[in-house]
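Welcome! Here is a short tour for anyone meeting this structure for the first time. Have a look at the sequence and the model, and then read on.

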Amino acid sequence: MMASALMDGLIATKTLSSPSSITCSDIYPPSLERAAEKGYNTSSTNDKVCQNSKTAIILAVKPNVVEKVCGDVMAVAESEAVVISIAAGVTLGTLEKNLPGRRVVRVMPNTPCLVGEAAAGFALGTLATEADREVVQTIFGSVGLAMEVNEPLLDAVTGLSGSGPAYVFQFIEALSDGGVRSGLSRDVATKLAAQTVKGAAEMVLKTGKHPGLLKDGVTSPGGTTIAGVEALEKG
């Protein structure tokens with residue numbers, strides 16, 4: 001799903017002009033069929049992907065098969081593409097051990113990538129170049145926000161933006177529940193709750209103001225909002 005979202009994002013944002021410039025592989029035939037219908041080149045093996053990749057090879061696989069896939073990458077010696085891994089928990093050290101001499105980057109994206117609103121952190125390997133940094137920014141910037149951090153901080157990225165959507169979904173559900181309790185229909189309450197969270201997030205990003213300052217702008221003295229804030233803080 002994450003790989004498909006990345007491919008679709010690159011085309012939707014016109015970062016790449018044609019789906020035919022992307023080659024993907026999968027062991028699940030229906031996934032390849034859906035990709036082929038969109039115009040992507042498809043293969044049931046990784047060698048074709050590596051042979052066709054001029055700029056980047058993305059490892060969007062489970063951690064337990066990374067070593068095997070790295071072997072497939074190394075088997076195509078002529079490829080000079082940077083190798084980008086989104087496999088959770090697989091370190092740069094592990095990648096570089098299995099991809100000797102290759103330029104590697106580790107990325108931690110999150111599920112809003114599927115709707116073009118990702119928050120991703122990435123770290124460059126020891127051989128990675130400025131051009132590789134720009135490639136990563138371009139690819140993951142096509143589906144949201146990508147920020148570089150030191151590799152040890154990718155654990156913090158995992159807890160914040162990797163797991164964060166689950167916390168936000170729970171908050172949206174709670175807001176919706178409050179609306180339903182006050183008489184709104186579930187559909188109306190959920191849409192208002194989700195749009196409220198989206199709008200508040202956009203205010204943080206677009207104004208650059210500290211969330212505390214924006215909160216103060218909503219909380220009138222003795223008003224309903226500050227009463228709700230007090231209840232949240234007690235909880």
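Right after helix α1 comes lysine 14, which has a positive phi near 60 degrees. Please keep in mind that you are looking at a predicted model. From here, the notes go through helix α1, the sheet, one glycine and a pair of helices.

**Helix α1**
- Helix α1 spans residues 2-12, and its buried residues are Ala5, Leu6, Met7, Gly9 and Leu10.
- What covers these buried residues of α1? The cover includes β1 (23-25), β3 and α6 (130-141).

**The sheet**
- β3, which helps to cover α1, belongs to an open sheet of five strands.
- The strand order is β3-β4-β5-β6-β7, with mixed pairing.
- At the edges you will find β3 (56-59) and β7 (144-148); each has a single partner strand, so one side of each lacks a neighbour in the sheet.
- From one strand to the next, the twist averages 25 degrees.
- In general, the strands of a sheet pair through backbone hydrogen bonds, in either a parallel or an antiparallel way.
- Strands β5 (residues 104-108) and β6 (residues 118-124) run antiparallel and are joined by four bridges.
- Opposite valine 105 stands leucine 124 of β6.

**Glycine 162**
- Helix α7 (residues 154-162) contains glycine 162.
- Glycine 162 counts as partly exposed because its relative accessibility is 24%, and the range for that class lies between 20% and 50%.
- Leaving aside residues up to four places away in sequence, glycine 162 touches Met108, Asn110 and Val157.
- Methionine 108 is 54 residues from glycine 162 along the chain, yet their C-alpha atoms are separated by 7.1 Å.

**Helices α8 and α9**
- As general background, a pair of packed helices is described by the angle and the distance between their axes.
- Helix α8 (residues 164-181) and helix α9 (residues 186-207) have axes that come within 8 Å and cross at roughly 135 degrees.
- This crossing angle makes α8 oblique to α9.
- Is the crossing of α8 and α9 left-handed or right-handed? The crossing is right-handed.
- On the α8 side, the residues that meet α9 include Val168, Phe171, Ile172, Leu175 and Val180.
- On the α9 side, Arg186, Ala189, Thr190, Ala193, Ala194 and Val197 take part.
- Sorted by class, the contact of α8 with α9 has nine nonpolar, three polar and three charged residues.

Notes. Residues are numbered from 1 along each chain as its sequence is written. This is a predicted model: local features need pLDDT of at least 70, side-chain atom pairs count only at pLDDT 80 or more; totals for chains, interfaces and linings use all residues. Side-chain values use heavy atoms; hydrogens and water are left out. Axes are lines fitted to C-alpha atoms, for helices over the stretch in contact, and angles run from 0 to 180 degrees between N-to-C directions. Helices (H or I, at least four residues) and strands (E, at least two) are DSSP runs, numbered from the N terminus. Angles under 35 degrees count as roughly parallel, over 145 as roughly antiparallel, 65 to 115 as roughly perpendicular and the rest as oblique. A crossing is left-handed if the near helix is turned anticlockwise from the far one by less than a right angle, and right-handed if clockwise. Contact means heavy atoms within 4.5 Å. Ala, Val, Leu, Ile, Met, Phe, Trp, Tyr, Cys and Pro count as nonpolar, Asp, Glu, Lys and Arg as charged, and the others, Gly among them, as polar. Two strands pair if DSSP finds at least two bridges between them. Buried means under 20% relative accessible area, exposed over 50%, partly exposed in between (1.4 Å probe, protein chains only).
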